[in-house]
Amino acid sequence: MSTNQHLSKDFQMSELLKSRLLGTLLGDGSLRRPPTYANYLFEVWHCKEQAEYMKHLRNLLNEVMFSKMYFQKDCFISRSAAHPEFTALHKLLYKDGTKYYKLGRFKNSMRQSDLHGDMQK
């Protein structure tokens with residue numbers, strides 16, 4: 001698991017990581033910009049019954065996730081540092097502050113195995 005609390009300014013996501021993030025953002029994940037931040041951060045919330053899935057998801061996205069997972073209001077919360085890469089994804093996926101997407105909008109096709117990995121490991 002990543003222990004780095006900040007992503008370097010020159011950090012660039014691999015295509016595999018970007019595919020996994022897009023898959024998560026099309027589902028449970030979200031991007032938000034705290035009021036005093038210039039860039040967006042990625043976060044995902046899951047109930048305590050989905051703790052194993054949350055661990056699996058954090059392993060898939062370990063390049064960008066903080067090492068600490070929070071528990072609040074009976075939910076696990078995992079988030080990244082704010083970064084321009086997430087701001088770029090926000091421009092792609094959100095319209096007027098609401099998650100919005102159309103099929104076929106993404107240049108690269110995403111395979112199911114790229115998005116979720118092998119959950120049998």
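The exercises below concern confidence, packing, salt bridges and aromatic pairing in a predicted model of a protein chain.

Residues are numbered from 1 along each chain as its sequence is written, and side-chain values use heavy atoms, with hydrogens and water left out. Because the model is predicted, local features need pLDDT of at least 70 and side-chain atom pairs count only at pLDDT 80 or more, while totals for chains, interfaces and linings use all residues.

**Exercise 1. Confidence**

Determine which elements have the lowest and the highest mean pLDDT.

Solution.
- Step 1. pLDDT is the predictor's confidence in each residue, from 0 to 100; its mean over the protein chain is 78, and 77% of the residues reach 70 or more.
- Step 2. Elements are DSSP runs numbered from the N terminus: helices (H or I, at least four residues) and strands (E, at least two).
- Step 3. Helix α4 (residues 112-116) has the lowest mean, 43, and strand β1 (residues 30-32) the highest, 93.
- Step 4. Over residues 107-121 pLDDT stays under 50, and the model has 21 contacts (heavy atoms within 4.5 Å) beyond four places in sequence for this stretch.

**Exercise 2. Helix α3 and the core**

Identify the buried residues of helix α3 and what covers them.

Solution.
- Step 1. Relative accessible area is evaluated with a 1.4 Å probe on protein chains only: under 20% is buried, over 50% exposed, and in between partly exposed.
- Step 2. In α3 (residues 84-93), the buried residues are Glu-85, Phe-86, Thr-87, Leu-89, His-90 and Leu-93.
- Step 3. Their cover includes α1 (15-25), β1, β2 (41-47), β5 (94-95) and β6 (98-99).
- Step 4. Beyond four places in sequence, Leu-89 contacts Met-13, Lys-18, Leu-21, Leu-22, Leu-25 and Leu-31.
- Step 5. A nonpolar core is a set of buried Ala, Val, Leu, Ile, Met, Phe, Trp, Tyr and Cys residues joined through side-chain atoms within 4.5 Å. The largest has 25 residues, of which Leu-21, Leu-31, Phe-42, Leu-61, Val-64, Phe-86 and Leu-89 touch the most other members. At least two residues of this core come from each of α1, β2, α2 (51-60) and α3.

**Exercise 3. Salt bridges**

Locate the salt bridges and state which parts of the chain they join.

Solution.
- Step 1. The criterion is a side-chain nitrogen of Lys or Arg within 4 Å of a carboxyl oxygen of Asp or Glu; the whole structure contains 3 such bridges.
- Step 2. Glu-43 pairs with Arg-32 at 3.0 Å, N to O. Because Glu-43 is in strand β2 and Arg-32 in strand β1, this pair ties together parts 11 residues apart in sequence.
- Step 3. Arg-79 also forms a salt bridge with Glu-43, with the closest N and O atoms 3.0 Å apart. Arg-79 belongs to strand β4 (residues 75-79) and Glu-43 to β2, so parts 36 residues apart are joined.
- Step 4. Arg-32, Glu-43 and Arg-79 are thus linked in a network of salt bridges. Glu-43 is buried at 6%, as is Arg-79 at 18%, whereas Arg-32 is partly exposed at 31%.
- Step 5. Glu-52 and Lys-55 form a salt bridge at 3.5 Å; they are 3 residues apart in helix α2, about one helical turn. Glu-52 is exposed at 57%, and Lys-55 is partly exposed at 42%.

**Exercise 4. Aromatic pairing**

Classify the pair formed by the rings of Phe-42 and Phe-86.

Solution.
- Step 1. Rings of Phe, Tyr and Trp (its six-membered ring) pair if their centres lie within 6.5 Å; planes under 30 degrees apart count as stacked, over 60 as edge-to-face and the rest as tilted. This rule gives 2 aromatic pairs.
- Step 2. For Phe-42 and Phe-86 the centres are 6.4 Å apart and the planes are at 20°, so the pair is stacked.
- Step 3. The pair links strand β2, which holds Phe-42, to helix α3, which holds Phe-86, across 44 residues. Both residues are buried.
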